[in-house]
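Take a look at the model below. A few questions on its fold and packing follow.

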Amino acid sequence: MKEMVVGSEAGRRATPPPPPPQALLERLKDYGQEDAFALWDEILPEERDLVVKDIESLDLPRVDRIIRCSLGSQGHPLPAIEPVPEATVSTVEERTPEERERWWKRGLKAISEGKLAVVLLSGGQGTRLGSSDPKGCFNIGLPSGKSLFQLQAERILCVQRLAAQSTDGSAGTVPIHWYIMTSPFTDEATRKFFESHKYFGLEADQVTFFQQGTLPCVSRDGRFIMETPYKVAKASDGNGGLYAALRSSRLLEDMAMRGVKYVDVYGVDNALVRVADPPFLGYFIDKGVTAAAKVVRKAYPQEKVGVFVQRGRGGPLTVIEYGEMDPSMASEINQTTGRLRFCWSNICLHMFTLDFLNQVANGLEKDSIYHLAEKKIPSIHGCTIGLKLEQFIFDAFAYAPSTALFEVVREEEFAPVKNANGASYDTPDSARLMLLRLHSRWVVAAGGFLTHSVPLYLTGVEISPLCSYAGENLEAICRGRTFHAPCEIAF
């Protein structure tokens, strides 16, 4: 009996496996990707099912178009780069108190009318921070222990209250809808984090989660890289995957149904981000442009930030990454202003009209040109050098008929959290100190006093976003009072 069983197993092993589904194989051949089935005969039946499902999940015509267009765009000469015209930038020193007040009121009015939606780019994990959790879950060490998600949610709550107060409460509180773009790597954890924290005081139905897409990683000749014999290696399609995700999820239609006219888009890893910023929105409406971005002045020529430039004389504004700019060009000085000629740093704080987002989503999909990032890709042959296909959020600006830049003060609005503590810049420690110092200045300006047991430059006071959005309305809380740092000031 034992010999018969062994012989039977040997016979089964000798039987050739069924071929791959013929129709799917022919489709792969049409796009030059039949190597995805190269190890078909060597894998187990259940693994063959997996690779079939994996290939069937791909929109092969779209993926092929993206690969061909992106590879085909390489090597084409770009238009000459020009500095951003000064007239397109609202600089801090040029603004009058009257303009600030007008923009503040105009922004709050639009928010009270339900015309603003907020989109958060939150597809990344905190890998460089030493965490596999979504970046927004990260606690930078504030006295309150609040995560980045909570800080941002409470700023939305504060703006909603300010907008309602600006109408004397006659219209009630109009919720700002928060669209949160996750990725396949962060979606479940993000949803659970919000649920476990009861949406940080927001209504659950004013938060919509949606996922950005992924694309196959490819070799230099455009062939799929196989992560395993039964799985194509894939990577997120970049933060510019927002546009395709909004389109495929029909969320642009959802915004229109809600009466949204303007969309605030920002990245998750900025501890000082002013979500739904009324003056920025008011300025944007005042200018009548289709796209706008907050910028800070580049600190020094070698700073690793992308900068806004003009592509060709009279061309659109767009962003060039620091690695793409010639060092001598990065150091050029504007003899009139004394600043760097290319000085306006992109910090991923953008405002768009909803109509323009529709145009961008359709235009980018039609053009299908993605940036190619050469990376080490896990594969069946070990880590191999391959290409990831990505779009960036700032790709939209090339389509904009009109763009305005809005300068902000770095110390007030830009505290990125990108690297683990111990790095030389953009760490949780540096972001925490920037926030505590800013809030300490607010306390002093409102008539309060600070004491501390360690040097004040190492600590400070945290003010809950529920108390104040940008330093306003603190006199009643702070005047004549003494606060011992570090601490949180909350209701």
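The questions run from the whole chain to single residues.

Q: How many helices and strands does the chain have?
A: The model is a predicted one. Secondary structure in the chain comprises 15 helices and 21 strands.

Q: What does the globule rule give for 491 residues, and how compact is the chain?
A: The radius of gyration of the chain is 26 Å. The globule rule gives 23 Å for 491 residues. The two values are close, so the chain is as compact as a globular protein of that length.

Q: Which helix gives the most to the largest nonpolar core?
A: The largest nonpolar core has 48 residues. Phe149, Trp178, Phe194, Leu202, Tyr266 and Leu281 touch the most other members. Eight residues of this core come from one helix, spanning residues 148-166, and the top contributor is helix H6.

Q: How many residues are in the second, separate core?
A: This core is separate from the largest one. Val119, Leu246, Leu317 and Leu354 are among its members. Its count is 42 residues.

Q: Is Leu151 buried or exposed?
A: Leu151 sits in helix H6. Beyond four places in sequence, it touches Leu142, Lys146, Ala271, Leu435, Glu462 and Pro465. Its relative accessibility is 3%, and buried means under 20%, so Leu151 is buried.

Q: How far apart are the centres of the positive and negative side chains?
A: The chain carries 54 positive side chains and 61 negative ones. Each set has its own centre, and the distance between the two centres is 2 Å.

Terms used:
Residues are numbered from 1 along each chain as its sequence is written. This is a predicted model: local features need pLDDT of at least 70, side-chain atom pairs count only at pLDDT 80 or more; totals for chains, interfaces and linings use all residues. Side-chain values use heavy atoms; hydrogens and water are left out. A nonpolar core is a set of buried Ala, Val, Leu, Ile, Met, Phe, Trp, Tyr and Cys residues joined through side-chain atoms within 4.5 Å. Buried means under 20% relative accessible area, exposed over 50%, partly exposed in between (1.4 Å probe, protein chains only). Helices (H or I, at least four residues) and strands (E, at least two) are DSSP runs, numbered from the N terminus. Contact means heavy atoms within 4.5 Å. The radius of gyration is taken over C-alpha atoms; the globule rule is 2.2 Å times the number of residues to the power 0.38. Lys and Arg count as positive and Asp and Glu as negative; His and the chain ends are not counted. The place of a charge is taken as NZ of Lys, CZ of Arg, CG of Asp or CD of Glu.
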